[in-house]
Amino acid sequence: MLSWGSTSLPEACLSDEPKKPFKWLSEILEDPEMLEPPKSIAPKLAWKGRLTLLAAREKGGKSTLAGAAAAAVSVGAPFLGERTDAGNVLVISLEESIADFAQRLVRFGCDPTKIAVVDKSSGINLVQDIWATAEEIKPSLIIWDTLGAFAEHISGKTLDPGDGQGWTRVMMEIVEVARAYGANLLLHHSRRSDGQYRDSSAIGANVDVILEMHGEGQEPRVIKGKGRFEINEIRIKLEGDEFRLLETEKEFKERVLTFVKKNPKCSFRELRDGVSGRSEDIQKVRDTLLASGLLANVGTPTNHSYMAVKHGS
């Protein structure tokens, strides 16, 4: 790991045995997991051995969502429609009060004996504390809350967005932990202008997945993502003490089109009755499909009759 002033050295440097500086691809492929997609630990959010950046506006719900994920993993409960395996969770909590954090985890039904917390009062060397804790508890999931607070704590100052070297050093500290332990979810703030993560491009360059949550103070929240493997857009809604995965706009459009294909020349009333959902949502999707040319009204302006239109016809 990077030292940040520490005098410790990796064990490999202390060994007298010569270490080969490379691996043949054939040696790497002896591990069957190398050809498998990464294992989902916190569904839709975090994957084993990978680092995910989750960006949202201040008070936009990222800590709440991460807390729900942590609670689910601690007890092996379903999360966003998928199963989880019970495991330990490490939370690096540097931005909010420990009381607020604890109340959120209890709200979502966590196992408090499975969640370890490293905060600003944990010790004199935050990086070493994180490594030591991870080595002891072997976490399935690590949550960093937040990147900005972590960067400021270990660098001793607020990093300028243009300080690419400074941000790269911070990110490498996190990446090394992420490659060694569990699935890692890194929380960060997004820009007000476009909802994308803020500060240096070095942040995005050093993560495996970028998730940006839109819909500050609204329901549902839309999470758009990109990464080193396929990431699908999702819509989520907090109902009581559970986040529920909702149908995406793309999936809704496909469902409306499928109904019309199976029921050609259907009216809007038939469409509304045949497709579950709110009438205003169905009408909005219908209008979008008509405007894009995927749907056609073969009836009159007052008595609609819909047909699906094939591309190129």
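**Cavity and pockets of the predicted model**

The largest cavity has a lining made up of S63, A66, G67, V91, E96, F101, R104, L105, I143 and D145. The structure examined here is a predicted model. About 60 Å³ of space lies in this largest cavity, and a search of the whole structure finds one cavity of 30 Å³ or more. At least two lining residues of the largest cavity come from each of helix 3 (62-75), helix 4 (98-107) and strand 6 (141-145). By class, five of the residues that line the largest cavity are nonpolar, two are polar and three are charged.

Open pockets were also examined. The largest pocket holds about 620 Å³ of space. Its lining comprises 20 residues, of which P220, R235, F252, R278 and D281 are the closest to the centre of the pocket. Strand 10 (234-239), strand 11 (242-246), helix 9 (249-262) and helix 11 (279-292) each contribute at least two residues to the lining of the largest pocket. Helix 11 gives the most to this lining, with four residues. Eleven residues of the lining of the largest pocket are charged, while five are nonpolar and four are polar.

In the second largest pocket there is about 470 Å³ of space. This second pocket is lined by 19 residues, and those closest to its centre are K44, I231, N232, E233 and I234. Strand 10, strand 11 and helix 9 each supply at least two residues of the lining of the second largest pocket. Helix 9 accounts for the largest share, three residues. The lining of the second largest pocket contains eight nonpolar, three polar and eight charged residues.

Strand 10, strand 11 and helix 9 thus appear in the lining of the largest pocket and in that of the second largest pocket. The two strands pair with each other in the antiparallel sense, over five bridges. One of the residues in this pairing is E239, whose bridge partner in strand 11 is E242. Strand 10 and strand 11 form a hairpin with two residues between them. In the turn of this hairpin, G240 has a positive phi of about 65°.

Terms used:
Residues numbered from 1 in each chain as written. Predicted model: local features only at pLDDT ≥ 70, side-chain atom pairs only at ≥ 80, totals over all residues. Heavy atoms only, no water. 1 Å grid on protein atoms, 1.4 Å probe; cavity = no way out; pocket = protein on both sides within 12 Å on 5 of 7 lines; lining within 4 Å. Points joined across faces, edges and corners; volume = space filled by probe spheres on them. Nonpolar A, V, L, I, M, F, W, Y, C, P; charged D, E, K, R; others polar. Pairing = 2+ DSSP bridges.
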